[in-house]
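Colleague: Hey, got a minute to walk me through this one? I'd like to hear about the charged pairs and the cysteines.

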Amino acid sequence: MKTIQELSLKLKKEKSVAIFCHIRPDGDTLGSALALFHALNNLGIKAKVFCDDTVPSRFFFLKSASLVENTFSGEYSAMLAIDCADISRLGSFYDEFSKHKNTYSIDHHVSNTRYAKENLVIDNASNCENVLALIESLNVEITQEIANLLAMGIMTDTGNFMHKNVTPNTLSSASKLVEKGADLNTIYFHMFSKQSKARAKLFGLTMSKIRYFLDDRLAVASVFEKDIISSGAKPDETEGFIDFIMGIDTVEVGACILEIGKDKYKISFRSKGTNVNEVASTFGGGGHMLASGCQIQGEYEEVVDKIYLAVKRHIID
């Protein structure tokens with residue numbers, strides 16, 4: 001797949017499409033998937049959105065969030081993965097997707113493995129920018145709900161337009177969505193401002209134990225299961241923790257370690273210049289140059305050592 005136009009022509013010929021979000025869904029994958037769901041339905045193409053994990057409660061300020069299904073059902077002429085750099089990000093839907101003869105991937109991660117039959121990978125700040133261009137090419141009306149969904153994805157993947165990945169296309173896309181009724185103020189409140197007392201407690205527990213390495217150029221924050229339990233928070237309420245780390249003036253690379261099982265950790269990397277996509281790829285992960293992630297198994301201190309050594313090899317002098 002070379003262009004948005006080629007993809008739109010192919011999709012218009014489909015009778016039904018199963019759309020898959022990635023596990024541990026964020027605003028970009030949900031916004032992309034649900035916006036495309038509405039666009040395809042408006043063209044008379046049957047569509048459903050699936051995710052192997054439950055949609056976090058903070059997204060339900062948009063009514064479309066309730067449309068995401070966790071159990072696969074039905075038969076579809078095509079399957080489409082949204083915002084998934086590799087097929088493992090589909091979780092338990094891996095088998096359904098991999099055995100289908102007609103598959104698509106729409107993504108913005110430079111680490112995308114081109115696992116689908118047709119892959120459209122454009123390195124924009126958010127995948128919602130790609131989906132907006134696709135919906136425009138499909139010549140579908142951008143309703144207020146579609147505008148809010150796409151704006152949510154753009155805002156969350158750019159840190160409310162504060163990350164270095166913001167481009168003129170990002171701002172141009174956002175402008176179009178505002179013209180169509182996107183409510184940036186409401187989206188900001190639910191995505192960046194609103195939080196439970198439990199999250200506030202977990203945030204304090206986590207940030208009080210930040211560890212520094214490489215002359216304070218690397219900062220590591222760790223979210224342990226015991227702290228999640230004691231605070232009463234949910235694992236998905238750690239979204240945004242990494243952004244606080246990156247506000248520390250000496251820090252060039254930040255890592256947030258989330259304990260997700262015995263000797264099993266999910267790592268989120270952010271950077272002000274170092275290519276953390278290469279750091280994450282050391283452990284089988286990936287993403288973007290300045291924002292990436294992976295999973296590492298092992299005893300906690302061993303995991304910290306691995307992160308330290310990998311960042312040390314790549315950090316810009």
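Modeller: Sure. By salt bridge I mean a side-chain nitrogen of Lys or Arg within 4 Å of a carboxyl oxygen of Asp or Glu. This is a predicted model, so local features need pLDDT of at least 70 and side-chain atom pairs count only at pLDDT 80 or more, while totals for chains, interfaces and linings use all residues. Residues are numbered from 1 along each chain as its sequence is written, and side-chain values use heavy atoms, with hydrogens and water left out.

Colleague: Okay, how many salt bridges does the structure hold?

Modeller: There are 10 salt bridges. One of them joins the side chains of R58 and E239, at 3.7 Å from N to O.

Colleague: Which parts does that pair tie together?

Modeller: R58 sits in the loop between strand 2 (46–50) and strand 3 (78–82), and E239 in the loop between helix 9 (225–231) and helix 10 (241–245), so the pair links parts 181 residues apart in sequence. Helices (H or I, at least four residues) and strands (E, at least two) are DSSP runs, numbered from the N terminus.

Colleague: And is E239 buried or exposed?

Modeller: In between: E239 is partly exposed, at 45% relative accessibility. Buried means under 20% relative accessible area, exposed means over 50%, and partly exposed is in between (1.4 Å probe, protein chains only).

Colleague: What does E301 pair with?

Modeller: With R211, in a salt bridge whose closest N and O atoms are 3.1 Å apart. E301 belongs to helix 12 (residues 300–314) and R211 to strand 6 (residues 211–213), so this pair ties together parts 90 residues apart in sequence. E301 is partly exposed at 35%, and R211 is partly exposed at 28%.

Colleague: What about K226, which residue is its partner?

Modeller: That's D227, with the closest N and O atoms 3.5 Å apart. K226 is exposed at 54% relative accessibility, whereas D227 is buried at 6%. Elsewhere, salt bridges that share partners join R58, D236 and E239 into one network.

Colleague: Switching to cysteines: how many disulfides are there?

Modeller: Zero. A disulfide here is a pair of cysteine sulfur atoms within 2.5 Å.

Colleague: Why is C84 without a bond?

Modeller: Because the closest cysteine sulfur, in C21, is 7.5 Å from the sulfur of C84, too far for a bond. C84 is buried, at 0% relative accessibility.

Colleague: And where's the nearest cysteine sulfur to C128?

Modeller: In C21 again, 10 Å away, and C128 is in no disulfide. C128 is also buried, at 0% relative accessibility.
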